[in-house]
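Let's take a friendly walk through this protein model, starting with a single residue and ending at the place where two domains meet.

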Amino acid sequence: MRTSTARAYPNIALVKYWGKADEARILPAAGSLSMTLDDFETTTTVVPAPEVDADVLELDGTFADADATSRITTFLDHVRTLAGSTDRVLVRSRNSVPTGAGLASSASGFAALATAAANAFELDLDTRDLSRLARLGSGSACRSVVPGMAVWHSGDDETSFAEPVDAPDMRMVIVTVDRGRKAVSSRTAMRLTAQTSPFYDAWVSSTEDSLEKMIAACRADDFTTVGELTESHALRMHAVIASTLPPIRYLRPRSVAIFDAVAELREQGLEAYSTADAGPNVAVIVRPADAERLAAQLTEFGEVRVVAPGPGAELLSADAEVPAAEVSA
Ligand code: 2P0
């Protein structure tokens, strides 16, 4: 074993993943498509700790709670099985955004962890197998292994991975409405949707249809169709989430106001389309030449960042190691 550090970026889906066909293997009910970003990264170092009897997780400089630690141990058990090892590790991870605020931090987190852990345990995985491995930590993480636009295939354990797809060049203007941790995690809300929404089957079949159309529009370099599919698909996801029992609503009045403002800007000739994940923050896709003009129009709603398609998960050199948490006396 060896100490390894990796960096990965979150992704924002244009066709969303919301529902599992298999909870244990994290196989999605339908495929999805996302853009890996060039900002909001996670850096993770995996340090061999064969002398200890439990994995240790340090998140943003403090020791993580039992739930977060047990989630990474469950994931690391997959890595240990592949490597034929029982060694425990110390995981030190740093996010450039707060965890659990609807900016896809589990995607960058598990993509970085999968990449660092595979190397630490001396597994020789290609991008496809690394994507499959990251999927076992968090579904959306399999897409963050891949640069730029990525399609995540539904299927079985062998065939469910993400791979790059050609797409129009675009920017995302991310408007942070609220940095707080969300009330209901994606994982819990997704399960509740499948169990209680009368519209769930229609959601799954319409997602498959949207994905097929989205891949065709991406390949045809058709930004308008990509945008129209993105916005309608996001609203369909929030509609099926709102139809659960008990109901869940992630969008806030301010989030909805951003969707309205973007629709109004479109009327005025600035072509842009909104989406939002399991939280109140809104990401707006736009052609590169219009990104700064759009960002200037959205500053009244919250902190605004313009992001571009970013790199896939990658190993870093030893000098990028995440520093150890300071233990107070
Ligand atoms: C997505 N989300 O496609 C959708 C849109 C949130 C809203 O993927 O249970 O954290 O770990 O597989 O990956 C969030 O789901 O869930 C997510 P798990 P994950 O980006």
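Asn 281 is buried, with a relative accessible area of 5% (buried means under 20% relative accessible area, exposed over 50%, partly exposed in between, using a 1.4 Å probe and protein chains only). Before going further, please note that this is a predicted model, where local features need pLDDT of at least 70, side-chain atom pairs count only at pLDDT 80 or more, and totals for chains, interfaces and linings use all residues. Residues are numbered from 1 along each chain as its sequence is written, and side-chain values use heavy atoms, with hydrogens and water left out.

You will find Asn 281 in the loop between strand 13 (272-275) and strand 14 (282-286). Helices (H or I, at least four residues) and strands (E, at least two) are DSSP runs, numbered from the N terminus. What does the side chain of Asn 281 reach? The table lists its backbone partners together with another side-chain pair, that of Asp 129.

| Side chain | Partner | Distance |
|---|---|---|
| Asn 281 | backbone nitrogen of Val 177 | 2.6 Å |
| Asn 281 | backbone nitrogen of Asp 178 | 3.1 Å |
| Asp 129 | side chain of Arg 132 | 2.8 Å |

A polar contact is a pair of N or O atoms within 3.5 Å; within protein, one must be able to donate a hydrogen and the other to accept it, and residues adjacent in sequence count only if both atoms are side-chain atoms. Asp 129 itself lies in helix 3 (residues 127-135) and counts as partly exposed, at 28% relative accessibility.

Now for the wider view. The chain is divided into domain 1 (4-166) and domain 2 (171-307), with bounds from an automatic or database domain assignment. Their C-alpha centres lie 23 Å apart. In contact (heavy atoms within 4.5 Å) are 34 residues of domain 1 and 43 residues of domain 2.

The two domains bury about 3300 Å² between them, 65% of it on carbon and sulfur atoms; buried area is the accessible area (1.4 Å probe) that two parts lose on being put together, summed over both. In domain 1, Leu 14, Lys 16 and Trp 18 lose the most area to domain 2, together 28% of what that side buries.

Across this interface the rule finds 3 salt bridges, each a side-chain nitrogen of Lys or Arg within 4 Å of a carboxyl oxygen of Asp or Glu. Glu 23 forms a salt bridge with Arg 191, their closest N and O atoms being 3.1 Å apart. Between the domains, 8 residue pairs are in polar contact, both residues at pLDDT 80 or more.
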